[in-house]
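Work through the exercises below with the sequence and the model at hand. Each task is followed by a solution in steps.

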Amino acid sequence: MLKIRFKDNKYNAVWLVEPKITIGRSATNALVIDDPLASDIHLEVLVDNEHLTLRNLIPTQPVLVNGQPVNGACELKPDDEIVLGAVELVVIDPKKEARIAVEESSNATQLRAPKATGWSLKANHSALANRVFPLKEINVIGRASECDISLSAAHLSRRHAQLQVIDGMLFVKDLDSANGTYLNGKRVAEARVKRGDELRFDALSFGVMGPSDDLAKTAVRKATPARPEVADIKRPEPAKVPAVTRSSSINRTPGSNLPKSAPEERNKGKFGLVFLGVVAVVVITAVVLTRK
């Protein structure tokens, strides 16, 4: 079953019941509207199960349905808007509105839900029956009801201490409490808290549960240098050996084992023949002189 209500008022709705309802300025109408352009009985909505028909009983005063003027009759559906003078009405499906309201509430709850930190306090005191308190990023512990962790202990200050998670690590800060905040039996003003530590606020003792130091830190892995492709590897070029030419311009040192060139061999043969010729002339000359 559908309803009709003022657009700006969710709580003043009228059920659209068979066979019809009337709308106008008269108090006898199912929906009474106060507008100078409205007549005593200006509109009627015919109802057949969930099939609706709007009739304008005063054709000289048009009614707008979804921005379109209606002088006679027209069909109505959920979410249709009706305007008469300055009055705005809307047809609603209560089931759909209820579903939307639940979704909006669920979304709002998710937005308000605190971010999980992985840290929590487990009560060691028998009065708290080993209760576990999950920790948000910032938590105030005290006797006051507005504290994030409110504990009704007589010697606990109204705002006793603050627990804060920073970069995955837990820190405690005493808020100038009368009876002090203790970490592993030692009174502290501010300190870092680790998993397995004992926190005590006055006489209330808690075990600390949370990630270890290794888990709280982000491991940084050294980057492995990329292997160059085979085509990119530059191989050393072979050393260039100067070519040795058989030239007469090669400078030799005494005792050099380099082979002698052919012109040098020929010159040596000529010198030998000349030497033999000279020796022969000398011998002949000596013989001639002797005979004389």
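**Exercise 1.** In this predicted model, decide whether Phe133 is buried or exposed, and do the likewise for Phe206.

Solution. Phe133 has a relative accessible area of 6%. The cut-off for buried is under 20%, so Phe133 is buried. Phe206 has 1% relative accessibility and therefore counts as buried.

**Exercise 2.** Classify the ring pair of Phe201 and Phe206, then the pair of Phe133 and Phe206.

Solution. A pair of aromatic rings is described by the distance of the centres and the angle of the planes. For Phe201 and Phe206, the centres are 5.8 Å apart and the planes are at 55°, so the pair is tilted. Phe201 is buried, as is Phe206. By the pairing rule, the count is two aromatic pairs. In the pair of Phe133 and Phe206, the centres lie 6.0 Å apart with the planes at 75°, so this pair is edge-to-face. It links distant parts of the chain: Phe133 belongs to strand S13 (residues 132-134) and Phe206 to strand S22 (residues 204-209), 73 residues apart. Phe133, Phe201 and Phe206 together form one aromatic cluster.

**Exercise 3.** Which strands are the edge strands of the open sheet S4-S3-S5-S6-S9?

Solution. Five strands make up this open sheet, in the order S4-S3-S5-S6-S9, with mixed pairing. The edge strands are S4 (31-32) and S9 (73-76), each of which pairs on one side only. Strand S3 (residues 20-24) runs parallel to S4 and is joined to S4 by two bridges. Ile23 has Leu31 in S4 as its bridge partner.

Conventions
Residues are numbered from 1 along each chain as its sequence is written. This is a predicted model: local features need pLDDT of at least 70, side-chain atom pairs count only at pLDDT 80 or more; totals for chains, interfaces and linings use all residues. Side-chain values use heavy atoms; hydrogens and water are left out. Rings of Phe, Tyr and Trp (its six-membered ring) pair if their centres lie within 6.5 Å; planes under 30 degrees apart count as stacked, over 60 as edge-to-face and the rest as tilted. Helices (H or I, at least four residues) and strands (E, at least two) are DSSP runs, numbered from the N terminus. Buried means under 20% relative accessible area, exposed over 50%, partly exposed in between (1.4 Å probe, protein chains only). Two strands pair if DSSP finds at least two bridges between them.
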